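Me: Please walk me through this structure, from its domains to its charged pairs and helix packing.

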Amino acid sequence: MPLSPPAPRRRHVHTRRIEVQGFLRDDGLYDLDARLTDTKAMDYPIASGLRRAGDPVHDLLLRVTIDPGFNVIDVEAVSDWVPYPGGCDTIGPAYRQLIGLNLVRGFRRTVGEMFADVRGCSHITELLLSLPTVAIQTFATFRKENEDTGEKPFQLDRCHALETTSETVMRYYKPWYRGKDPA
């Protein structure tokens with residue numbers, strides 16, 4: 001279902017695009033390539049000069065390499081377009097501090113602590129926050145969603161629809177259902 005039509009007239013002024021792609025490498029590791037781009041629909045004067053409509057204010061790229069256990073093996077962060085050249089585009093190497101973290105064990109909290117305020121780029125940090133779920137979706141490509149491995153499926157109890165007491169779990173993951181007995 002689409003959003004409802006906007007009531008008042010409006011005009012487009014800003015677009016943020018976030019794209020994250022997951023790749024399986026030949027060496028058995030995975031790359032998550034992420035990109036955040038901000039553009040304006042009109043010319044935009046900033047302290048470092050005028051950005052023409054459609055030219056990026058931000059164009060930030062990030063590659064995080066992980067192993068099958070979701071452990072961060074390598075990180076590369078690049079800032080191609082930034083509002084303050086010579087400042088914004090120098091923080092990339094700081095993100096190598098992520099090496100050794102695990103994407104599904106406290107990653108978002110740790111990233112928030114490590115790169116808060118002046119210790120990081122707010123936009124690269126925001127981009128990082130989408131990586132845990134993208135990693136899970138990347139790995140899910142190679143698993144049958146509800147195959148019975150004897151272990152609780154990873155996705156259960158990680159969102160409201162897949163709470164083990166829900167009707168959804170009763171319907172699609174019956175062995176893991178923990179709600180009332182429907183009989």
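Reply: Domain bounds come from an automatic or database domain assignment. This is a predicted model: local features need pLDDT of at least 70, side-chain atom pairs count only at pLDDT 80 or more, and totals for chains, interfaces and linings use all residues. Residues are numbered from 1 along each chain as its sequence is written, and side-chain values use heavy atoms, with hydrogens and water left out.

Me: What distance separates the centres of domain 1 and domain 2?

Reply: Domain 1 covers 14-142 and domain 2 covers 146-182. Their centres are taken over C-alpha atoms. The separation is 32 Å.

Me: How many salt bridges does a search of the whole structure find?

Reply: A salt bridge is a side-chain nitrogen of Lys or Arg within 4 Å of a carboxyl oxygen of Asp or Glu. Side chains of opposite charge can pair when their charged atoms come close. Searching the whole structure gives a count of 9.

Me: Arg-25 forms a salt bridge with Asp-31; is Asp-31 buried or exposed?

Reply: Buried means under 20% relative accessible area, exposed over 50%, and partly exposed in between (1.4 Å probe, protein chains only). The closest N and O atoms of Arg-25 and Asp-31 are 3.3 Å apart. Arg-25 itself is partly exposed at 28%. Asp-31 has a relative accessible area of 11%, so it is buried.

Me: Which residue meets Arg-25 in a salt bridge of 2.5 Å, N to O?

Reply: The partner has a relative accessible area of 49%. That makes it partly exposed. It is Asp-27.

Me: Which strands does the salt bridge between Arg-63 and Asp-33 tie together?

Reply: The closest N and O atoms of this pair are 2.7 Å apart. Strands (E, at least two residues) and helices (H or I, at least four) are DSSP runs, numbered from the N terminus. The pair ties together parts 30 residues apart in sequence, because Arg-63 lies in β5 (residues 56-66) and Asp-33 in β2 (residues 30-40).

Me: Which residues are linked with Arg-16 in a network of salt bridges?

Reply: Arg-16 belongs to a network of salt bridges. Its other members are Asp-38 and Glu-126.

Me: What do the buried residues of α1 pack against?

Reply: Helix α1 (residues 107-114) has Phe-107, Thr-110 and Val-111 as its buried residues. They fall within an arc of 100° seen down the axis, so they line one face of the helix; the arc is that of the directions from the helix axis to the C-beta atoms. Contact means heavy atoms within 4.5 Å. The packing partners are β6 (72-81), α2 (122-128) and α3 (131-140).
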